[in-house]
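Colleague: Got a minute to walk through this one with me? I'd like to go over the cysteines, the metal sites and a helix.

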Amino acid sequence: MTRGRHVLLTMVTAAALAAVTAAGAGAKPPSGTATGTGLVFMVNPVQSSGNESLVDAKDSATAVPANQYARVPLRNLDGSGYLRGRWVTVESATGTPAYSADGTYAYNRHDDQFEQVMAYFWVNQAQEYIQSLGFGSTLPPVVMQPLDVKIDQFGGDNSYEIDKPYRLRYGKGGVDDAEDAEVIVHEYGHAVHASQVPGFGTSEEASSIGEAWGDYLAVSVGLDAAKHYGWPVRTPAACVADWDSTSYTSDVPHCLRRLDSNLTVADKTGEPHHDGMIWSRALWDARQAYAALGKSSRAFDTTLIDAQFDFAPDTSFSAAAAAVYAKALARDGQAAASAVRNAFAARGITF
Ligand SMILES: [Ca+2]
Ligand SMILES: [Ca+2]
Ligand SMILES: [Ca+2]
Ligand SMILES: [Zn+2]
């Protein structure tokens with residue numbers, strides 16, 4: 001099911017991140033800062049249409065109906081005409097870089113520039129979501145720097161984050177990875193952890209938490225955007241990468257992974273993408289439990305991200321769960337904290 005995806009992941013070095021963060025801190029936006037518009041998928045076209053029969057058809061423009069694109073604002077552009085801005089800088093090793101003198105970036109999926117627009121919009125969206133929770137204002141910043149994003153025709157069906165230079169790379173195997181916002185934001189999730197805890201992910205359980213968090217953030221940012229823009233969600237909310245996974249899954253609904261598996265620690269295999277589904281299910285359950293208590297998913301996400309600052313680079317599930325519990329208790333009260341404890345306990349994670 002995981003097909004080796006993201007196995008090339010390594011982490012940002014603390015020094016590299018600190019250097020870029022310091023350079024970006026306090027810098028004023030350039031005078032040409034502008035909001036453009038672009039066409040993007042509404043997370044992904046399987047999720048927005050509910051049509052599990054959509055196929056890549058060799059990147060054909062007509063494989064996805066025109067009504068599965070949405071016109072969105074592209075915020076925080078630097079005014080250069082390229083997809084460069086405060087929170088993301090798009091590079092492409094495939095095709096001409098998107099350029100617009102009037103801020104309009106309307107491409108279809110067959111155009112190399114479409115993935116560039118997707119990457120710009122969704123990385124910016126993820127950073128804006130995290131900031132909307134208070135990170136970078138009332139809470140410490142998370143990433144908060146222009147991230148280099150490269151769209152790369154390197155053949156495999158894989159995307160990853162690398163540390164020299166600090167950037168995200170999206171491959172073009174099967175459905176182009178950057179045609180699915182859940183793949184884009186999953187990778188951004190690794191940058192989040194690297195920003196919060198330099199070197200995060202040195203134990204198998206920490207790596208699993210990294211994969212789980214990427215999946216969870218991808219779904220959470222996508223659902224938040226869908227709510228904000230009024231986009232339909234016609235596949236199970238817990239399904240990750242509904243569109244990218246059509247290239248390599250036969251079961252319907254197509255999902256790279258899900259947040260609602262029944263895995264527990266008894267099912268561990270030692271493979272982080274697999275074992276991450278233990279952790280992501282606990283996050284998903286805690287999110288629902290917050291809702292049952294009248295607390296928002298934003299409240300849970302704030303608590304979760306804040307707790308992640310306290311994770312050791314080589315954390316165990318147990319120690320990380322205890323950190324989430326402590327943060328929930330401090331921020332949201334005993335009932336919320338107990339719900340968090342129960343969600344982890346149901347996965348066999350106790351502390
Ligand atoms: Ca494409
Ligand atoms: Ca792909
Ligand atoms: Ca999805
Ligand atoms: Zn990953």
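Colleague: How many disulfides does a search of the whole structure find?

Modeller: The search finds 1 disulfide. Keep in mind that this is a predicted model.

Colleague: Which cysteines does the disulfide join?

Modeller: C239 and C255, with an S to S distance of 2.2 Å. C239 lies in strand 8 and C255 in the loop between strand 8 and strand 9, so the bond ties together parts 16 residues apart in sequence.

Colleague: Is that disulfide left-handed or right-handed, and why?

Modeller: Left-handed, because the torsion about the S-S bond is about -120°.

Colleague: Are the two cysteines buried or exposed?

Modeller: C239 is buried, at 0% relative accessible area. C255 is buried too, at 6%.

Colleague: Metals next. What coordinates the calcium ion that is ligand 3?

Modeller: Q47 through OE1, E182 through OE twice, C239 through its O, and D242 through OD. The distances run from 2.3 to 2.5 Å. So C239 turns up again: it is in the disulfide and among the donors of this calcium ion.

Colleague: How are those donor residues spaced in sequence?

Modeller: The pattern is Q-x134-E-x56-C-x2-D. E182 sits in helix 4 (residues 181-196), and D242 in the loop between strand 8 (239-240) and strand 9 (257-258). That pair is 60 residues apart. Both E182 and D242 are buried.

Colleague: And which protein donors does the calcium ion, ligand 1, have?

Modeller: D59 gives two OD atoms. The others are R109 (O), E115 (OE), D176 (OD) and E179 (OE). They lie 2.2 to 3.2 Å from the ion.

Colleague: Why is the arrangement around ligand 1 irregular?

Modeller: The 6 donor atoms subtend angles of 44 to 171°, which makes the arrangement irregular. For reference, ideal angles for six octahedral donors are 90 or 180 degrees.

Colleague: Where do D59 and R109 sit?

Modeller: D59 is in the loop between helix 2 (45-49) and strand 2 (69-77). R109 is in the loop between strand 4 (104-105) and helix 3. The two are 50 residues apart, and both are buried.

Colleague: Switching to helix 3. What span should the helix have, and what are its ends doing?

Modeller: Helix 3 covers residues 112-132, 21 residues. At 1.5 Å a residue, it should span 30 Å. The end C-alpha atoms are 31 Å apart, which agrees.

Colleague: How many of the helix 3 residues are buried?

Modeller: 17 of the 21, so the helix is mostly covered.

Colleague: What comes just after helix 3?

Modeller: G134, with a positive phi of about 115°.

Definitions and conventions:
Residues numbered from 1 in each chain as written. Chains lettered and ligands numbered in written order. Predicted model: local features only at pLDDT ≥ 70, side-chain atom pairs only at ≥ 80, totals over all residues. Heavy atoms only, no water. Helix = DSSP H or I, 4+ residues; strand = E, 2+ residues; numbered from the N terminus. Expected span 1.5 Å × (residues − 1). Buried < 20%, exposed > 50% of the residue type's maximum accessible area, 1.4 Å probe, protein only. Donors = N, O, S within 2.8 Å, 3.2 Å for Na, K, Ca; no water. Tetrahedral: all angles 85-135°; square planar, octahedral: opposite > 155°, others 65-115°. Disulfide = S-S within 2.5 Å.
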